[in-house]
Amino acid sequence: MSEHDKIRELLALAAADALTSAEEKQVAEHMRSCIACSNELGAWRPIASELRRLPTPQPSSWLVQATLARAEVKLTEQAEHDWNRRVMIVSVALAWLLTIANWLVFHFVSGRFGSLLEPKFSPTWISFAAFTALGWLAGGVAAVMLAIRHRGEKRLA
Ligand SMILES: [Zn+2]
């Protein structure tokens with residue numbers, strides 16, 4: 001195989017900048033003395049640059065994208081579910097805390113320990129029930145406020 005034939009085989013790769021530095025040197029040296037190879041490399045150059053401008057074929061790209069999108073949706077749903085559950089736990093805990101606080105306050109204010117345990121509709125019992133309801137209402141309002149804030153943050157994200 002002559003030097004000329006060897007170089008001719010490398011011309012397409014040379015145009016694509018895919019040669020090793022040793023091969024590049026070899027091609028450049030041959031170019032100086034061979035007009036045929038020089039012309040052929042000149043013909044290869046625009047083809048190579050056109051090829052380089054084409055998007056790299058990635059047949060599975062859309063599948064990867066779709067899978068990623070699906071995974072993201074699932075993760076978002078999971079996060080939302082976790083968040084809703086946390087809001088529920090917090091609101092229930094808050095309601096219970098308020099209920100217990102009310103109960104302690106009533107004990108303290110009335111100064112009549114044990115009266116709350118009497119199974120009759122005394123004014124104390126009615127007030128206590130009202131305050132308990134208020135406590136639950138506050139818990140619900142807090143949950144709704146948290147949910148609204150959460151939705152607002154999500155819209156910004
Ligand atoms: Zn040549």
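This briefing covers the zinc site and the nonpolar core of one structure. The model is predicted. A zinc ion is held by two histidines and two cysteines, namely His 4, His 30, Cys 34 and Cys 37. The largest nonpolar core has 12 residues, and helices H1, H2 and H3 each give two or more residues to this core.

**Zinc site**

- The donor atoms are ND1 of His 4, NE2 of His 30, SG of Cys 34 and SG of Cys 37, at 1.9 to 2.3 Å from the zinc ion.
- The site is tetrahedral, and the angles among its 4 donor atoms run from 103 to 124°.
- Along the sequence, the spacing of the donor residues is H-x25-H-x3-C-x2-C.
- Because His 4 belongs to helix H1 and Cys 37 to helix H3, this pair ties together parts that lie 33 residues apart in sequence.

**Exposure of two donors**

- His 4 has a relative accessible area of 24% and is partly exposed.
- Cys 37 has a relative accessible area of 0% and is buried.

**Nonpolar core**

- Among the residues of the largest nonpolar core are Ile 7, Leu 10, Leu 11, Val 27, Met 31 and Leu 41.
- Cys 34 and Cys 37 are also members of this core, and both coordinate the zinc ion.
- The contributing helices are H1 (3-15), H2 (21-33) and H3 (35-53), each with two or more core residues.
- Helix H1 supplies the largest share, 5 residues.
- Ala 48 is another core member; apart from its neighbours within four places in sequence, Ala 48 is in contact with Ala 15 and Ala 16.

Definitions and conventions. Residues numbered from 1 in each chain as written. Predicted model: local features only at pLDDT ≥ 70, side-chain atom pairs only at ≥ 80, totals over all residues. Heavy atoms only, no water. Core = buried A, V, L, I, M, F, W, Y, C linked by side-chain atoms within 4.5 Å. Buried < 20%, exposed > 50% of the residue type's maximum accessible area, 1.4 Å probe, protein only. Helix = DSSP H or I, 4+ residues; strand = E, 2+ residues; numbered from the N terminus. Contact = heavy atoms within 4.5 Å. Donors = N, O, S within 2.8 Å, 3.2 Å for Na, K, Ca; no water. Tetrahedral: all angles 85-135°; square planar, octahedral: opposite > 155°, others 65-115°.
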